Amino acid sequence: MSRRGTPSMEDRLRSFPRVRLHFFYNSSPNYHMRRNVGFLALFACFTLTHCVLDPTRPFNDVMEYVEDCMEPYLEVCEESEGKVPDDLIFRPSKNASIVEIGPTDEDGNSRSALTESEMDTLFHLARCLAFIGRIDFEIETEKDLENYNHYKKSSGVEMAEDVKEFDDSKLSYSNMTEEALDEVWNIPFSHFNYDGPGRKINSQAEEREFGNGVGGNRVVYMHEYLQLILPELYWKLRDIASQALQAGKDAGLFDDDEDHEPISHLGIRVLEYLEYNHKEFGRSSQLGWHRDAESIYTMVITLAEPGKDFDGGEFHIKDFDEENVLEFLPSAGCGVFFDSTVDHAVSPLLRGRRRSFAIEFWDEG
């Protein structure tokens, strides 16, 4: 078994049921036939165990490097044991389908859902994935380079260096230092398509524009990595969502029927690290009115302190009548849980960087 629970090929083959091939050998008329059938059976067994039975197969190529990058932060989440604070407050709204997580009480105090160390760990995982995603990119042909330069020119996004940066020695699995991670994080996660379907300069992160005046944000996709590398934190986030949903149902905000099942029955459609920047990277720093298509519930945890790390960037959601707008600005480590089908938005950022973590739940069936 590998360090963080990903089964090795040896483990998978050892645990796979042994298949006896006597029938094929006895019924084959000659040696060559028996040999070919045997090789074919072994190949089918290998393909099944490696490509079908291993759920982490698409990520095995880089999972080891992500683990190495995360090594200094792993004990942080293991120590928390994935427990939700007993005194964490869940406050259902009286006017909209939303529950505040860790709101300020009457004395002006608030209890964070996540510790500062857990928030730092999420940010570090985002940096690791952004860095490794840049390493994975390769410009292989003159056509790739031509399309890349065309994108860079047409998008108005300026890179820190020329395309050669992708081949720079700093961008290597052996040099995942804090300095190198920061260097990649502080330049655009530029996104571009070439002759192939959806080829990206960064396979894990992008500067996302939604168009039609909706705005955009920086995003790092970390779904499978969070679950496999930081399981304690992953399940803690699901438990927070489960308690928020129950608080909403108790207050009559969410229906308790087959279309609104408990969190334990739902899959995760989206798991993203989000960042809004003020006038950086030539991109809008807000998110216009929209709904989270296909999702049932959404939870957003703020990972930066309002007034200290950023100004503006308030979370807006429409009330039951869709006539009035409610505004929320959770403290770092706190957040909101709401009906994904309700219109919501993020107001323009005025200063700094607004970081948050979003999870969308859906019924995969």
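A residue counts as buried when its relative accessible area is under 20%. Keep that cut-off in mind as you look through these views of a predicted model.

**View 1. The whole protein, built from 10 helices and 13 strands.** Start here to get your bearings. Of the 365 residues in the protein, 48% count as buried. The accessible surface comes to about 19,000 Å², and carbon and sulfur atoms hold 48% of that surface. Now consider which parts of the chain touch: among contacts between residues at least 6 apart in sequence, 79% join residues that are at least 24 apart.

**View 2. The largest pocket, with a volume of about 400 Å³.** This pocket is lined by 25 residues, and those closest to its centre are Leu-287, His-290, Asp-292, His-344 and Glu-360. Which strands help to build the lining? At least two residues each come from strand 5 (267-277), strand 6 (287-290), strand 7 (297-302), strand 12 (344-346) and strand 13 (349-362). Strand 5 gives the largest share, with five residues. Sorted by class, the lining has 12 nonpolar, six polar and seven charged residues.

**View 3. The second largest pocket, with a volume of about 280 Å³.** Here 13 residues form the lining, and Asp-120, Leu-303, Ala-304, Glu-305 and Asp-309 are the closest to the centre. Two or more lining residues come from helix 6 (116-136), and the same is true of strand 13. The largest share, four residues, belongs to helix 6. This lining divides into six nonpolar and seven charged residues, with no polar ones.

**View 4. The cavity, a space of about 40 Å³.** Rolling a probe the size of a water molecule over the atoms shows where empty space is left. The structure holds one cavity of 30 Å³ or more. Its lining is made by Val-300, Thr-302, Phe-315, Pro-330, Val-336 and Arg-354. Four of these lining residues are nonpolar, one is polar and one is charged.

**View 5. Asp-87, in the loop between helix 5 (74-80) and strand 1 (90-92).** Why is Asp-87 called partly exposed? Its relative accessible area is 48%, and partly exposed covers the range between the under 20% of buried and the over 50% of exposed. Look next at the side chain of Asp-87, which makes a polar contact with the side chain of Arg-111 at 3.0 Å. Gly-102 is 15 residues away from Asp-87 along the chain, and the C-alpha atoms of these two residues are separated by 9.1 Å.

Definitions and conventions: Residues numbered from 1 in each chain as written. Predicted model: local features only at pLDDT ≥ 70, side-chain atom pairs only at ≥ 80, totals over all residues. Heavy atoms only, no water. 1 Å grid on protein atoms, 1.4 Å probe; cavity = no way out; pocket = protein on both sides within 12 Å on 5 of 7 lines; lining within 4 Å. Points joined across faces, edges and corners; volume = space filled by probe spheres on them. Nonpolar A, V, L, I, M, F, W, Y, C, P; charged D, E, K, R; others polar. Buried < 20%, exposed > 50% of the residue type's maximum accessible area, 1.4 Å probe, protein only. Polar contact = N/O pair within 3.5 Å; in protein donor to acceptor, adjacent residues only side chain to side chain. Contact = heavy atoms within 4.5 Å. Areas by Shrake-Rupley, 256 points an atom, 1.4 Å probe, with all protein chains shown as cover.
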